[in-house]
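Trainee: I've got a protein on my screen and I'd like to learn how to read it. Could you walk me through it, one feature at a time?

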Amino acid sequence: SSGIKRRVRETSYRVEDLDAAREAISANVHKFHERKGALRNSRLEAFQGDHVKGRLDCGTMLNWDKPHCEVFRKFLVIPQVIPVVNELCGKGYRLDHLPLTILNY
């Protein structure tokens, strides 16, 4: 709906949070796993990388040492996002698995 789109556009991340996320990923890039072949999970050319390396993913960023985990925990509870997720999923939604950070070079 247009209401959801409007609220998503209004959601803004602070530059400091994005910088913290980049720094956290750089500090923990050794924890990422390369996914090749069918595990690349993309049929769209724009998301397939260089066709040499697979995509890199990591599902442990919520458990990284502080301060690196904190920015990802914060992303889960951004006040402007919660009403959008409530509208899409209904109140009482939950994560069915840990979120992933995906790197695609």
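Trainee: Let's start with Pro67. Where does Pro67 lie?

Mentor: This is a predicted model, so keep that in mind as we go. Pro67 sits in the loop that runs between strand 2 and helix 3. Look at the bond just before it, too: Lys66 and Pro67 are joined by a cis peptide bond, with omega at about 10°.

Trainee: Okay, and how do I get an overview of the rest? How many helices and strands does the protein have?

Mentor: Count the elements, then read them in order. Here you get four helices and three strands. Starting from the N terminus, the order is α-α-β-β-α-α-β.

Trainee: Now the strands. What holds a sheet together?

Mentor: The general idea is that strands in a sheet pair through backbone hydrogen bonds, and the pairing can be parallel or antiparallel. In this model, three strands make an open sheet in the order 1-2-3, and the pairing is antiparallel. Strand 1 (33-35) and strand 3 are the edge strands, each pairing on one side only. On average, neighbouring strands of the sheet are turned by 35° against each other, ignoring direction.

Trainee: How many bridges join strand 1 to strand 2?

Mentor: Three bridges join them, and strand 2 covers residues 55-58. If you want a spot to zoom in on, find Arg35: it stands opposite Arg55 in strand 2.

Trainee: Next up, charges. How many salt bridges does the structure hold?

Mentor: Three. To spot one, look for a side-chain nitrogen of Lys or Arg within 4 Å of a carboxyl oxygen of Asp or Glu. Since you're already at Arg35, stay there: its side chain meets that of Asp57 in a salt bridge, 3.1 Å from N to O. This pair links distant parts of the chain, with Asp57 in strand 2 and Arg35 in strand 1, 22 residues apart.

Trainee: Is Asp57 buried or exposed?

Mentor: Here you need the cut-offs: buried means under 20% relative accessible area, exposed means over 50%, and partly exposed is in between. Asp57 has 4% relative accessibility, so it counts as buried. Its partner Arg35 is partly exposed, because its relative accessible area is 27%.

Trainee: Which side chain does Lys74 meet in a salt bridge?

Mentor: That of Asp17, again at 3.1 Å from N to O. Lys74 belongs to helix 3 (residues 70-75) and Asp17 to helix 2, so this pair ties together parts that are 57 residues apart in sequence. Helix 2 spans residues 15-28. Try the cut-offs again: Asp17 is buried at 9%, while Lys74 is partly exposed at 38%. Leaving aside residues up to four places away in sequence, Asp17 touches Val71, Lys74 and Phe75.

Trainee: And what about Asp19 and Arg22? How many residues apart are they in helix 2?

Mentor: They're three residues apart, so about one helical turn separates them. Their side chains meet in a salt bridge at 3.0 Å, N to O. Asp19 is partly exposed, with 41% relative accessible area, and Arg22 is exposed, with 52%.

Trainee: Let's stay in helix 2. Which residues does Ile25 touch?

Mentor: Ile25 is part of helix 2, and it is buried, with a relative accessible area of 17%. Setting aside residues up to four places away in sequence, Ile25 touches Phe32, Trp64, Phe72, Thr101 and Leu103. Take Trp64: it is 39 residues from Ile25 along the chain, and their C-alpha atoms are separated by 9.9 Å.

Trainee: What share of contacts in the whole protein join residues at least 24 apart?

Mentor: Among contacts between residues at least 6 apart in sequence, 65% do. For burial across the protein, 27% of its 105 residues count as buried.

Trainee: Then let's finish on the outside. Which residues form a nonpolar patch on the surface?

Mentor: Leu76, Val77, Ile82, Tyr93 and Leu95 form one, with about 420 Å² of accessible area together. To find Leu95, go to the loop between helix 4 (81-89) and strand 3 (101-103). Overall, the protein exposes about 7800 Å², and carbon and sulfur atoms supply 57% of that.

Methods:
Residues are numbered from 1 along each chain as its sequence is written. This is a predicted model: local features need pLDDT of at least 70, side-chain atom pairs count only at pLDDT 80 or more; totals for chains, interfaces and linings use all residues. Side-chain values use heavy atoms; hydrogens and water are left out. Helices (H or I, at least four residues) and strands (E, at least two) are DSSP runs, numbered from the N terminus. Contact means heavy atoms within 4.5 Å. Patches are made of residues with over 30% relative accessible area and no salt bridge: like charges are joined within 9 Å, nonpolar side chains (Val, Leu, Ile, Met, Phe, Trp, Tyr) within 5 Å. Accessible areas come from the Shrake-Rupley method with a 1.4 Å probe; for residues, only the protein chains shown count as cover. Two strands pair if DSSP finds at least two bridges between them. Axes are lines fitted to C-alpha atoms, for helices over the stretch in contact, and angles run from 0 to 180 degrees between N-to-C directions. Buried means under 20% relative accessible area, exposed over 50%, partly exposed in between (1.4 Å probe, protein chains only).
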